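Please open the structure in your viewer and keep the sequence panel visible. The tour proceeds from the whole chain to individual residues.

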Amino acid sequence: MLLRPAYAVEYDFAPPTQLWPSLESRRVEGLFFAGQINGTSGYEEAAGQGIVAGINAALKCRGEPPVVLGRHEAYIGVLIDDLVTKGTNEPYRMFTSRAEHRLLLNHGSAEIRLLPYLELHNLIPPSRLQRIRSKVAQVNGGRRR
Ligand SMILES: Cc1cc2nc3c(=O)[nH]c(=O)nc-3n(C[C@H](O)[C@H](O)[C@H](O)COP(=O)(O)OP(=O)(O)OC[C@H]3O[C@@H](n4cnc5c(N)ncnc54)[C@H](O)[C@@H]3O)c2cc1C
């Protein structure tokens, strides 16, 4: 029987349902939120949101539309969609079971799935871009065979 919790981590957070899917505040234009302040737990979740919020803050400054990853494209897409549409009552963790398209989502295919964003927004150096493009060509060649 549990008499009282021996240990707990508690912190305040800002309701993530007040964010656009770009992670910009709906209330304060130009203010982006990422990480624990959005009710998530863990540095993977914080880093995933951080890169999206950072990219979108830069795109906002340039007057360009934001990057919003789909649930079928990336775990980050699932994470942010869950947060901004459902909110959370407890520190949110990114479990594979939360992703309905999880058979498509694995680290080996991440750079292929996200290649259009990498190209469009110039997010990685040309040498790495080239390596990914040749990986895509090899995969497509294998499929054709
Ligand atoms: C002991 C411990 C163990 C953990 N172990 C794990 C683990 O094994 N795996 C895991 O995934 N996660 C772990 N975590 C959780 C993980 O570290 C956090 O979820 C993650 O660091 C949150 O990142 P964040 O960027 O949202 O916040 P933080 O990393 O807390 O960053 C917030 C930053 O804002 C700064 N700041 C605060 N107020 C102001 C202000 N007014 N002006 C300017 N700057 C300000 C702070 O100094 C800080 O640098 C652990 C946490 C702790 C404490």
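The stops below begin with the overall fold and then turn to a pocket and three residues.

**The whole chain**

Display the protein as a cartoon, bearing in mind that this is a predicted model. The cartoon should show five helices and zero strands, in the order α-α-α-α-α along the sequence. Orient the view along the principal axes: the C-alpha atoms fill a box of roughly 60 × 45 × 25 Å. Among contacts with a separation of 6 or more, 53% join residues 24 or more positions apart.

**The surface**

Switch to a surface representation. The protein exposes about 9,800 Å², and carbon and sulfur atoms supply 57% of that area. Of the 145 residues, 34% are buried. Next, colour the charged residues. There are 18 positive and 14 negative charges, and the mean positions of the two sets lie 8 Å apart.

**The largest pocket**

Which residues lie nearest the centre of the largest pocket? Select Ile51, Ile76, Leu114, Leu118 and Leu123, which hold that place among the 17 lining residues. The elements that give two or more residues to this lining are helix H1 (43-62), helix H3 (110-113), helix H4 (115-120) and helix H5 (126-144). Colour these four helices separately to follow the wall of the pocket. H1 gives the most, with three residues. The volume of the pocket is about 380 Å³.

**Leu23**

Move now to Leu23, in the segment before H1. Is this residue buried or exposed? Its relative accessibility is 0%, so Leu23 counts as buried. Show every residue that Leu23 touches beyond four places in sequence: Leu31, Phe32, Phe33, Asn38, Gln49, Val52, Ala53 and Ile80. For one of these, Val52, draw a C-alpha to C-alpha distance from Leu23; the value is 7.6 Å, across 29 residues of sequence.

The backbone at this point also merits inspection. Most residues other than glycine have a negative phi. Leu23 is not a glycine, yet it has a positive phi of about 80°.

**Phe33**

From Leu23, step to its contact Phe33. Phe33 likewise has its place in the segment before H1. With a relative accessible area of 17%, Phe33 is buried, because the cut-off for that class is under 20%. Leaving aside residues up to four places away in sequence, Phe33 touches Ala14, Leu19, Leu23, Ser25, Asn38 and Ala53. Asn38 and Ala53 appear in the contact lists of both Leu23 and Phe33. A further distance to draw runs from Phe33 to Gln49: their C-alpha atoms are separated by 8.1 Å, and the two are 16 residues apart along the chain.

**Asn122**

Finally, select Asn122, in the loop between H4 and H5. What is the phi of Asn122? The angle is near 60°, a positive value in a residue other than glycine. How much of the residue is accessible? The relative accessibility of Asn122 is 65%, so this residue counts as exposed. Place Leu23 and Asn122 side by side to end the tour: Leu23 combines a positive phi with a buried position, whereas Asn122 combines a positive phi with an exposed one.

How values were computed. Residues numbered from 1 in each chain as written. Predicted model: local features only at pLDDT ≥ 70, side-chain atom pairs only at ≥ 80, totals over all residues. Heavy atoms only, no water. Buried < 20%, exposed > 50% of the residue type's maximum accessible area, 1.4 Å probe, protein only. Contact = heavy atoms within 4.5 Å. Areas by Shrake-Rupley, 256 points an atom, 1.4 Å probe, with all protein chains shown as cover. Lys, Arg positive; Asp, Glu negative; His and termini not counted. Charge placed at Lys NZ, Arg CZ, Asp CG, Glu CD. 1 Å grid on protein atoms, 1.4 Å probe; cavity = no way out; pocket = protein on both sides within 12 Å on 5 of 7 lines; lining within 4 Å. Points joined across faces, edges and corners; volume = space filled by probe spheres on them.
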